[in-house]
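Visitor: I have a model to look over. Can you walk me through it?
Guide: Yes, here it is.

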Amino acid sequence: MNTISFPKIFNGNSTIVKYGDEATKQSIRLLVSCESGEFFGDPDFGVRLKRYFFEQNNTILKDILIDELYTKIVAYCPQIYLERKNIVVFASGSKLLANVTYRNQETFTTDMFSLVLFRTEGN
């Protein structure tokens, strides 16, 4: 699996290509940072995080957010195997985080990464 490093592709005169686990993490970072409908040609790409920012905080909203992350990661990152139960969303101070544990289908190794879904200004 290879991917182009965004947004650094626009900042210099060379293209940075990432490989392996770095490519997977870069793809997921791009997926989560985009809102659904922002990509021309693929209106389903992206996670609707902004839609949930001002909703009442409860367990139903947490489950909806986990479902959204799960379905998008599974659809757009076929190089990893992921189960819904392996996504844990939690708050830490002024941040909303998601820990995702997955198995890489290319190397058959298990890895985990944390996504910062929301952070208040100044942190």
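Visitor: Which residues touch the most other members of the largest nonpolar core?
Guide: This is a predicted model. Its largest nonpolar core has 24 residues, and those touching the most other members are I28, V32, L69, V89, L115 and L117.

Visitor: Which elements each supply at least two residues of this core?
Guide: Three helices do, α1 (20-33), α2 and α3, along with the strands β4 (87-92), β5 (95-104) and β6 (110-119).

Visitor: And where does the largest share come from?
Guide: From α3, with five residues.

Visitor: Back to L69. What does L69 touch, leaving out residues up to four places away in sequence?
Guide: V32, V47, I87, V89, A98 and L117. Of these contacts, V32, V89 and L117 are also on the list of core residues that touch the most other members.

Visitor: Zooming out, what pattern does the chain follow along the sequence?
Guide: The order is β-β-α-α-α-β-β-β-β, which comes to three helices and six strands.

Visitor: How much of the chain counts as buried?
Guide: 31% of its 123 residues. The accessible surface is about 7,900 Å², and carbon and sulfur atoms account for 54% of that.

Visitor: Which residues make the nonpolar surface patch?
Guide: F53, F54 and F118, with an area of about 340 Å².

Visitor: Where does F54 sit?
Guide: In the loop between α2 (49-52) and α3 (59-76).

Visitor: Why does F54 count as exposed?
Guide: Because its relative accessible area is 78%, and exposed means over 50%.

Definitions and conventions. Residues numbered from 1 in each chain as written. Predicted model: local features only at pLDDT ≥ 70, side-chain atom pairs only at ≥ 80, totals over all residues. Heavy atoms only, no water. Patch = residues over 30% accessible without salt bridge, like charges linked within 9 Å, V, L, I, M, F, W, Y side chains within 5 Å. Areas by Shrake-Rupley, 256 points an atom, 1.4 Å probe, with all protein chains shown as cover. Salt bridge = Lys/Arg side-chain N within 4 Å of Asp/Glu carboxyl O. Helix = DSSP H or I, 4+ residues; strand = E, 2+ residues; numbered from the N terminus. Buried < 20%, exposed > 50% of the residue type's maximum accessible area, 1.4 Å probe, protein only. Core = buried A, V, L, I, M, F, W, Y, C linked by side-chain atoms within 4.5 Å. Contact = heavy atoms within 4.5 Å.
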